[in-house]
Amino acid sequence: MNPVRRRRLLLVCALLVAAGLATALVAAALSRNANYLFTPAEVLSGQAGEHARFRLGGMVERGSFQRAQGSMEAHFRVTDGDAQLPVVYTGILPDLFREDQAVVATGSMQGGQFVATEVLAKHDETYMPKEVADKMGKAHQKHQVKQ
């Protein structure tokens, strides 16, 4: 094989290896950053995994919000109508955060409770994130079929 062809072949091989490596790195980064949305019933049934990072969606249960005076740690329960899950969040809650309002929290399960690193509240009285509304609707349909 002459030197020009050999150099071209090595260049093509190097480009293929680099493209494969770049593709693998992008795929790994995307899968690591994927956050799946679960309702409390799905989390309690074990679908979310014990230590996986995911999003929890539902309504803040009425009468469940507690914050010690002078503390940034908030405790509340998120419900989908079928199950409730205790949530702990340390930080400033969004201005629109209230009981009986839709919420999406990002975090993971630790010691039987959901430890949130981020909490998002709904925008107005009629809005609920589509994913949360769909999942809560499915949970209610399953519950009505069982009765």
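Strands here are DSSP runs of E with at least two residues, and helices are runs of H or I with at least four, both numbered from the N terminus. The model is a predicted one, in which local features need pLDDT of at least 70, side-chain atom pairs count only at pLDDT 80 or more, and totals for chains, interfaces and linings use all residues. Residues are numbered from 1 along each chain as its sequence is written, and side-chain values use heavy atoms, with hydrogens and water left out.

**An unusual loop residue**

A good place to start is Asp100, which lies in the loop between strand 5 and strand 6. Its phi is positive, about 60°, although Asp100 is not a glycine. Most residues other than glycine have a negative phi. Asp100 is partly exposed, with a relative accessible area of 32%; buried means under 20%, exposed over 50% and partly exposed in between, with a 1.4 Å probe and protein chains only.

**The N-terminal stretch**

UniProt, in an unreviewed entry, lists residues 1–24 as "signal peptide"; such annotations may be inferred rather than shown by experiment, and the positions follow the numbering used here, with feature names shortened. In the model, residues 1–24 are 92% helix and 0% strand, with 32 Å between the end C-alpha atoms.

**Strand 4 and its partners**

Now to strand 4, taking pairing to require at least two DSSP bridges between two strands. The table gathers its antiparallel pairings.

| Partner of strand 4 | Bridges |
|---|---|
| Strand 2 | two bridges |
| Strand 3 (residues 66–67) | two bridges |
| Strand 5 | seven bridges |

Individual residues show the register. Met59 stands opposite Thr79 in strand 4, and Gln66 stands opposite His75 in strand 4. Towards strand 5, Arg77 faces Pro86.

Two hairpins involve strand 4. Strand 3 and strand 4 form one with five residues between them, where Gly70 in the turn has a positive phi of about 80°. In the hairpin of strand 4 and strand 5, four residues separate the strands and Gly81 takes a positive phi near 100°. Thr79, in strand 4, also has a link to this glycine: a polar atom of the Thr79 side chain lies 3.0 Å from the backbone nitrogen of Gly81. Thr79 is buried, at 13% relative accessible area.

**The nonpolar core**

What does the largest nonpolar core contain? It has 21 residues, and those with the most contacts inside it are Val43, Phe54, Leu56, Phe76, Phe97, Phe114 and Val119. Such a core is a set of buried Ala, Val, Leu, Ile, Met, Phe, Trp, Tyr and Cys residues joined through side-chain atoms within 4.5 Å. At least two residues of this core come from each of strand 2 (54–60), strand 4 (73–79), strand 5 (84–90), strand 6 (102–110) and strand 7 (113–121). Strand 7 gives the most, with four residues.

Phe76 is in strand 4. Is Phe76 buried or exposed? Phe76 counts as buried, at 2% relative accessibility. Leaving out residues up to four places away in sequence, Phe76 touches Val60, Ser64, Phe65, Leu85, Pro86, Val87, Tyr89, Phe97 and Val119, where contact means heavy atoms within 4.5 Å. Phe76 and Glu99 are 23 residues apart in sequence, with their C-alpha atoms 8.8 Å apart.

Val119 can be viewed in the same way. Beyond its neighbours within four places in sequence, Val119 is in contact with Phe76, Tyr89, Leu93, Pro94, Phe97, Val103, Val104 and Ala105.

Notes:
A polar contact is a pair of N or O atoms within 3.5 Å; within protein, one must be able to donate a hydrogen and the other to accept it, and residues adjacent in sequence count only if both atoms are side-chain atoms.
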